[in-house]
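Please open the model in a viewer and keep the sequence panel at hand. The tour below proceeds by selection, with a description of what is found at each stop.

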Amino acid sequence: MAIFKLKECFLEFLFLTATIGFFIYKFILPTFNEVTNLKKAEIVEKNLIEIRVALEKYYQLTGTYPDLSKEGANNNLTLLDSYNKLGQKISFAEIYGKNILDSTEQTDSLEQSNKVIDSNNFENIDGKGGWIYDYSNQTGEIHPNLPTNIYFQNIDWSKQ
């Protein structure tokens, strides 16, 4: 009789554990993932705004946009330092307030990246992360190099 009670309690414990596990998997985990992805999308938006502001400030001082796609510049923005006609240093890194360009956020299928691609075709992105920046045409336009809906926020990054 005691063994039967023990088996019955063990089965009830297994059922209760399975039920709790199911509810966590079905309701709590998706909410957690949604919050995590929302935060990633917000970070990319914030980084994009900071880069755009710094690009415009740099343009106001120099009349040109910096070559963010220059080899190694994304990880060492001091490579973009230049001097005006008066010999004053103009530093994108100082304007931006950082020596390394911010990255786009990673996902399960995408690595974190701060690579910059020089292109004016923002519709034809490779979606590998980082940034697409129109340096060649000197428009200063920059967008995240991300596939639409990568953070499950239904955002078309080529239009951001």
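A residue is called buried when its relative accessible area is under 20%, exposed when that area is over 50%, and partly exposed in between. The model shown is predicted.

**First stop: a residue in a strand**

Select His 143, which is placed in strand E5. Is His 143 buried or exposed? Its relative accessibility is 6%, and because buried means under 20%, His 143 counts as buried. Next, display the surroundings of His 143, setting aside its neighbours within four places in sequence. The residues in contact with His 143 are then Leu 48, Arg 52, Phe 122, Gly 130, Trp 131, Ile 132, Trp 157, Ser 158, Lys 159 and Gln 160.

**Second stop: the sheet**

Extend the selection to strands E3, E4 and E5, which form an open sheet in that order, with mixed pairing. The edge strands are E3, residues 116–118, and E5, residues 142–144, each of which pairs on one side only. From one strand to the next, the twist averages 25°. In general, strands of a sheet pair through backbone hydrogen bonds, in either a parallel or an antiparallel manner.

Now restrict the view to E4, residues 131–133, and E5. How do these two strands run, and how many bridges join them? E4 and E5 run antiparallel and are joined by three bridges. To see one facing pair, select Trp 131 together with Pro 144 in E5, which stands opposite.

**Third stop: the nonpolar core**

In soluble globular proteins, nonpolar side chains tend to be buried together. Select Leu 68 and Phe 92: within the largest nonpolar core, which has 27 residues, these two touch the most other members. Which elements give two or more residues to this core? They are helix H1 (2–62), helix H2 (92–96) and strand E4. H1 provides the largest share, seven residues.

Centre the view on Leu 68 and again leave out neighbours within four places in sequence. Among the residues in contact with Leu 68 are Ile 51 and Leu 55, as well as Phe 92, Val 116, Tyr 133 and Ile 142. The contacts of Leu 68 also include Ala 73, Asn 74, Leu 77 and Leu 80.

**Fourth stop: salt bridges**

The structure holds five salt bridges. Select Lys 98 and Glu 50, whose side chains meet in one of them, at 2.9 Å from N to O. Why does this pair tie together separate parts of the chain? Lys 98 lies in the loop between H2 and E3, while Glu 50 belongs to helix H1, so the pair links parts that are 48 residues apart in sequence. Lys 98 is partly exposed, at 27% relative accessibility, and Glu 50 is likewise partly exposed, at 29%.

Add Asp 102, whose side chain meets that of Lys 98 in a salt bridge of 2.5 Å, N to O. At 16% relative accessibility, Asp 102 counts as buried. To complete the group, select Lys 46 as well: Lys 46, Glu 50, Lys 98 and Asp 102 are linked in a network of salt bridges.

Finally, select Lys 89 and Glu 94, whose side chains form a salt bridge of 3.4 Å, N to O. Lys 89 is partly exposed, with a relative accessible area of 41%, whereas Glu 94, at 56%, counts as exposed.

Notes
Residues are numbered from 1 along each chain as its sequence is written. This is a predicted model: local features need pLDDT of at least 70, side-chain atom pairs count only at pLDDT 80 or more; totals for chains, interfaces and linings use all residues. Side-chain values use heavy atoms; hydrogens and water are left out. Two strands pair if DSSP finds at least two bridges between them. Helices (H or I, at least four residues) and strands (E, at least two) are DSSP runs, numbered from the N terminus. Axes are lines fitted to C-alpha atoms, for helices over the stretch in contact, and angles run from 0 to 180 degrees between N-to-C directions. Buried means under 20% relative accessible area, exposed over 50%, partly exposed in between (1.4 Å probe, protein chains only). Contact means heavy atoms within 4.5 Å. A nonpolar core is a set of buried Ala, Val, Leu, Ile, Met, Phe, Trp, Tyr and Cys residues joined through side-chain atoms within 4.5 Å. A salt bridge is a side-chain nitrogen of Lys or Arg within 4 Å of a carboxyl oxygen of Asp or Glu.
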